[in-house]
Amino acid sequence: GHAPPGAPPKSTALRADQVPYTPEYAAKVAEARRNNPGATKECGFPFPFVMENPWVFEFLLTPEETAMIWGGREIRHVYTDGRGHPSAEDLWPTPWGDSVGHWEGQTLVVDTVAVQPSRFPPTLSDQAHFTERLRMVSQDRFEDELTIEDPVALTEPLTITIPYERVTDLDRMVHGLCDENDRNPVVDGKLTVAPPEH
């Protein structure tokens, strides 16, 4: 059915068993799931997983760049000054890849390549190519339509839509910790901010 008026859109992100993997990558994903069946708290989310992590994030917009800054300390740089990706000798896989973008009206179109295969199963190859269309859908909601093409891992392109809702009750960014002094426990499925223990 349809969501009630005013409800945030639901993510169309797929489970690993719904991703159109090649037989080789399906076996790789199955093996990774057997070796790491439980969820563990990770410190840092690589792309594209950063786009669905639980931390709040903000956009910093300039004519030359759009930066996405997360409470978990991840930062994505999307260069909007007209540049392309670096030449092959200056491009290598990193956890967040290389992102360049341009504006089509009110939609930020982002092209990302050179993403290092992730420790998060399911995984993709270093040949994956990501195209995002980020746009506001209402005053307090926006979405990221993310298309993944990977000639090594996928039999066909995969598109998911990730919804976001504006946070209105925070007046500062509180960065999370990944150690024994973690002030960001998950309570009832939601990331929280706890005062320090004395």
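Start with the parts to read with care: this is a predicted model, and over residues 1-9 its pLDDT stays under 50. For that stretch the model has 6 contacts beyond four places in sequence. Residues 38-42 tell a similar story: pLDDT stays under 50 there too, and the model has 6 contacts beyond four places in sequence for them. Across the protein chain, pLDDT averages 80, and 72% of the residues score at least 70.

**The overall layout**

What is the chain built from? The protein chain has 1 helix and 10 strands. Walk along from the N terminus and you meet the elements in the order α-β-β-β-β-β-β-β-β-β-β. Of the 198 residues, 33% count as buried. If you look at contacts with a separation of 6 or more, 44% of them come from residues 24 or more positions apart. As for the outside, the protein chain exposes about 12,300 Å², and carbon and sulfur atoms supply 53% of that area.

**Strands that pair up**

Let's begin with β1 (residues 57-61) and β2 (residues 65-70), which pair in the antiparallel sense over 5 bridges. The two form a hairpin, with 3 residues between them. To find your place in this pair, look for Leu60, which stands opposite Ala67 in β2.

Further along, strand β6 (residues 129-138) takes part in two pairings. On one hand, 5 bridges join it to strand β5 (residues 107-113), and these strands run antiparallel. Here Thr112 stands opposite Phe130 in β6. On the other hand, β6 is joined by 9 bridges to strand β7 (residues 141-149), again running antiparallel. How many residues does the hairpin from β6 to β7 pass through? It passes through 2 residues. Within this pairing, Arg133 has Glu145 in β7 as its bridge partner.

**Salt bridges**

The count of salt bridges comes to 5. Among them are these:

| Salt bridge | Closest N to O distance |
|---|---|
| Arg83 and Asp81 | 2.8 Å |
| Arg133 and Glu104 | 3.1 Å |
| Arg135 and Glu143 | 3.1 Å |

Arg133 and Glu104 meet through their side chains. Arg133 lies in strand β6 and Glu104 in strand β4 (residues 98-104), so this pair ties together parts that are 29 residues apart in sequence. Arg133 is partly exposed, with a relative accessible area of 32%, and Glu104 is partly exposed as well, at 39%. So Arg133 turns up twice in this tour: as the bridge partner of Glu145 and in a salt bridge with Glu104.

Is Glu143 buried or partly exposed? Glu143 is buried, because its relative accessible area is 13% and buried means under 20%. Its salt-bridge partner Arg135 is partly exposed, with a relative accessible area of 37%.

In the remaining pair of the table, Arg83 is partly exposed at 42% relative accessible area, and Asp81 is partly exposed at 38%.

**A nonpolar patch**

Which residues form a nonpolar patch on the surface? They are Val56, Val167 and Leu170, and together they have about 230 Å² of accessible area. You'll find Val167 in the loop between β8 (158-165) and β9 (186-187). Val167 counts as partly exposed, because its relative accessibility is 43%.

Note on methods
Residues numbered from 1 in each chain as written. Heavy atoms only, no water. pLDDT = per-residue confidence, 0-100. Contact = heavy atoms within 4.5 Å. Patch = residues over 30% accessible without salt bridge, like charges linked within 9 Å, V, L, I, M, F, W, Y side chains within 5 Å. Areas by Shrake-Rupley, 256 points an atom, 1.4 Å probe, with all protein chains shown as cover. Salt bridge = Lys/Arg side-chain N within 4 Å of Asp/Glu carboxyl O. Helix = DSSP H or I, 4+ residues; strand = E, 2+ residues; numbered from the N terminus. Buried < 20%, exposed > 50% of the residue type's maximum accessible area, 1.4 Å probe, protein only. Pairing = 2+ DSSP bridges.
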